[in-house]
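Trainee: I've got a model to look at, and I keep tripping over the labels people use. Can we go through some and check each against its cut-off?

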Amino acid sequence: MIKNYLKIAWRNILNNKVYSLLNILGLAAGMAVALIIGLWVQYQYSYDRNLPEYKQLYQVWRNFNSNGETLTFSSTSLKLADALRNNIPEIENVAESDWMGSHGLKVDNRKFYLPGAQIGSAFLTMFQYPFIEGNAKTALQDPYSIVLTESTAKALFGNDNPLDKTVRVDDQHDLKVTGVLKDLPANSSFQFKYVIPFSYFEQTHSYVKASRTGSFGANGYQLFVKLRPGISYAQVEPKIIDIEKSEPESVNARNSKVILHPLKNWHLYNQFKNGVASGGFIDYVHTFTIIGLLVLVIACINFINLSTARSEKRAKEVGVRKAIGSLRKDLIYQFLIESALVTFISFLCCIVMVILALPLFNSLTSTSIAIPFGSIVFWLAMIGCVLLVALLAGGKPAFYLSSFNPVKVLKGSITGGKSKSLSRQILVVTQFSCSIALIISTVIIYQQVRFAKDRPTGYSIDRLMATDMNNDLDHNYTALKNELLQSGLVQSMTTATTPATDVNSHGDIDQWPGKLPGETVEMGYIGISDDYFKTLGMKLIAGRDFINGAKSDTSNVILNEAAVKRLRLKDPVNQIMTIGKQQVRIVGVVKDALMISPFAPADPSLFYPSTGDNLIYRLSPNVPTHEAIEKVTAIFNKYDPGFPYGYRFVDEDYNSKFQLEVLIGKLSGIFAGLAIFISCLGLFGLAAYVAEQRTKEIGIRKVLGATIAQVWLLLSKDFILLVLISCLIASPIAYYFLQNWLLKYDYRISIGPGVFIVSALLAITITLITISFQAVKAALMNPVRSLKSE
């Protein structure tokens, strides 16, 4: 019987090529979208899950009580590292870290600037990245050692074995290669090209060594811990949460609670609210999971609508089969098998579509997703999904067609009826409501990103460049700066402890005029050298800049507007504050600049005189950029011959802050387009069905003088009405969810009626284009032929 059912199903596909093609193409597109999103979701959940014992790995964070508001920071102190290591037996290992960006690595004439980390010796035994050469327990024991990744080792040593050979780091010290790791996978939260022992950092930077015996408030490092087997965070939490309160004289320590953030949640739950990891990228994962399911449902609706709409074509077949003894269950099996065959063919087409689309999708999302053809779990899941889709798409047509009364069918008295027409209309409205909601979402996301990009930054990023400082550049900084300025290639140059588009360090203000009892304030600390505000284009609105080269300015600070507001200082210039045990004088106030998030208010920040690891300079507008870079490269190579000149454009760093929102907008637009496309396939089929059903009516109307436009309007108006109803349903639903999404941004657009009007017009236009072909085709048909055929 099954063989017979398959033969009949195959004949029906061949006899109704257009409708079969619409069904297969729509289902294949819907399944392809769902599969790509499913693979993407699985990829996001797979972050760091390849590490053994990942469930026992955590990062140490702090919840800081700022006058009743809980602020969460990842920066911690070395004193806390020792306290956890020595006082909490449930903690197996602790690793300190300072992510210092890129360093210069040199072997003979091979020179590279690569991102790396300076990290505690236990790190590689905690995070068990696979070794090609070396041993995790001993690799970082020697302060003057280095562990390379496979690609870095090949770049520096070619095909030679790098073990026990030396690498010159920052043209200062020779470090011995004690291990080689496999390259880190793309779905790893850590991305580095090498690791250097934290003990090297301590030996070469006296202030780091001193901070280990300093205060809990000296927060400038990252800490990672591994709990012992069988120990849960719930067991450790009571012992660590108030561990810093053993130092009551520190305002920061007194108001901080220590928490652990599990490795498995780093990627997806990276936003904290009231001290709890409550969201982040997981919100977008959930959103696109829903979108994938909606697109698949839209494709299933096409199948249902087209199958039930053409029920009259199958009615006599059902009547004859019932008359000769077929049971209803036999007919249900037949139609479900037909549905399964169409779904299976659609699945094969879906796999081809996904294979073709994945390279572009991976490029767009910066992922490395592939179909796991060798996975049994994948194929079992696909078989289950195919059967589920076949049941969802074919269930209603199967039960509907098999319910026909054979007597009525053979008399020719079966018609679709108003109830079936209403059912199809409801499904069409559902389709277009989902599609229009996605269109509205795409427009709102684009507007929000555009709104934030157009927001004044408080500094000029035009032609602003940055280079990481190293020992030679630091030693020759004055000569380098003078030559660049004299060449006319650079307008201004400075250094800072943080990049122009970030704030790496935060600290407490212990005392200030008007401080309330028990009040705490933590703000960004930015060390700057001469010409910082001039180079970045930031404007002083009160007081003065630091005096060039004056040692007396080391006890002076400059605040931004947000810091003045936070401290409630009405006349801040010349006011005295206390930071730790040192008194400092406010000598100036600078306008706010967006250094962290373009969607949030400016971070309260304090600027103090210092040299920094970030060279920042602005190219002259009088020299073309490509020509200026060529000449600047030669000057940098003169003063830093040991390493290649590396640079970044600050505007690119700033624009990268929009990367997630831009990606979400692009994906929403793509999936909205596919949803509309699938919906229009179904609409095209229904329009053809309606035109076919009303062939005689159209012929009579044309004989009586109806014009082509009148016939077109006759066939189009019902569909336009359905799309208008879809717009009315989709608009408030989209508004509700998008308004909640916008609430996560302090700086956001307000949703006006324009976006809903534009989306409705776009949907109506697409609908008219889709159905006009069938409507015009029916209107142009010769009435003599249509009436004769009836």
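**Checking the labels**

Trainee: Why is Glu522 called buried?

Mentor: Glu522 has 10% relative accessibility. Buried means under 20% relative accessible area, exposed means over 50%, and partly exposed is anything in between (1.4 Å probe, protein chains only). So Glu522 lands in the buried class. Before we go on: this is a predicted model, with local features needing pLDDT of at least 70 and side-chain atom pairs pLDDT 80 or more, while totals for chains, interfaces and linings use all residues. Numbering runs from 1 along each chain as its sequence is written, and side-chain values use heavy atoms, leaving out hydrogens and water.

Trainee: What makes Glu522 and Arg62 a salt bridge?

Mentor: Their side chains meet at 3.6 Å, N to O. The rule asks for a side-chain nitrogen of Lys or Arg within 4 Å of a carboxyl oxygen of Asp or Glu, so the pair qualifies. The partners are 460 residues apart, with Glu522 in strand β19 (residues 522-528) and Arg62 in strand β1. Strands here are DSSP runs of E with at least two residues, helices are runs of H or I with at least four, and both are numbered from the N terminus.

Trainee: And which class does Arg62 fall in, buried or exposed?

Mentor: Arg62 counts as buried, because its relative accessibility is 0%.

Trainee: How do you know that β1 and β2 pair?

Mentor: DSSP has to find at least two bridges between two strands. Strand β1 (residues 57-66) and strand β2 (residues 69-73) have five, in the antiparallel sense, so they pass. Arg62 stands opposite Phe73 in β2. The two strands form a hairpin with two residues between them, and Asn67 in the turn has a positive phi of about 55 degrees.

Trainee: What makes Asp242 and Lys245 a salt bridge?

Mentor: Their N to O distance is 3.3 Å, so the salt-bridge rule is met. Asp242 is partly exposed because its relative accessibility is 36%, and Lys245, at 35%, is also partly exposed.

Trainee: Why is Asp454 called exposed?

Mentor: Asp454 has a relative accessible area of 52%, so it passes the upper cut-off. Asp454 forms a salt bridge with Arg450 at 3.4 Å, N to O. Arg450 is partly exposed, at 36%. Elsewhere, salt bridges that share partners join Asp82, Arg85, Glu96, Glu202 and Arg212 into one network. The structure holds 25 salt bridges.

Trainee: On to rings. How many aromatic pairs are there, and why is Phe190 with Trp266 called edge-to-face?

Mentor: There are 38 aromatic pairs. Phe190 and Trp266 have ring centres 5.6 Å apart and planes at 90 degrees. Rings of Phe, Tyr and Trp (its six-membered ring) pair if their centres lie within 6.5 Å; planes under 30 degrees apart are stacked, over 60 edge-to-face, and the rest tilted. So this pair is edge-to-face. The pair ties together parts 76 residues apart in sequence, because Phe190 lies in the loop between β10 (173-181) and β11 (194-197), and Trp266 in the loop between β13 (256-262) and β14 (271-273). Both Phe190 and Trp266 are buried.

Trainee: Why is the pair of Tyr735 and Phe756 called tilted, then?

Mentor: The centres are 6.4 Å apart, with 50 degrees between the planes, so the angle fits neither the stacked nor the edge-to-face class. Tyr735 sits in helix α24 and Phe756 in helix α25 (residues 754-780), 21 residues apart. Tyr735 is partly exposed at 37%, whereas Phe756 is buried at 17%.

Trainee: What makes Ile733 fit for a surface patch?

Mentor: Patch members need over 30% relative accessible area and no salt bridge; nonpolar side chains (Val, Leu, Ile, Met, Phe, Trp, Tyr) are joined within 5 Å, like charges within 9 Å. Ile733, in helix α24 (residues 708-742), has 44% relative accessibility, so it clears the area cut-off. Its nonpolar patch covers about 590 Å², made with Leu721, Ile725, Ile729, Tyr736 and Phe737.

Terms used
Accessible areas come from the Shrake-Rupley method with a 1.4 Å probe; for residues, only the protein chains shown count as cover.
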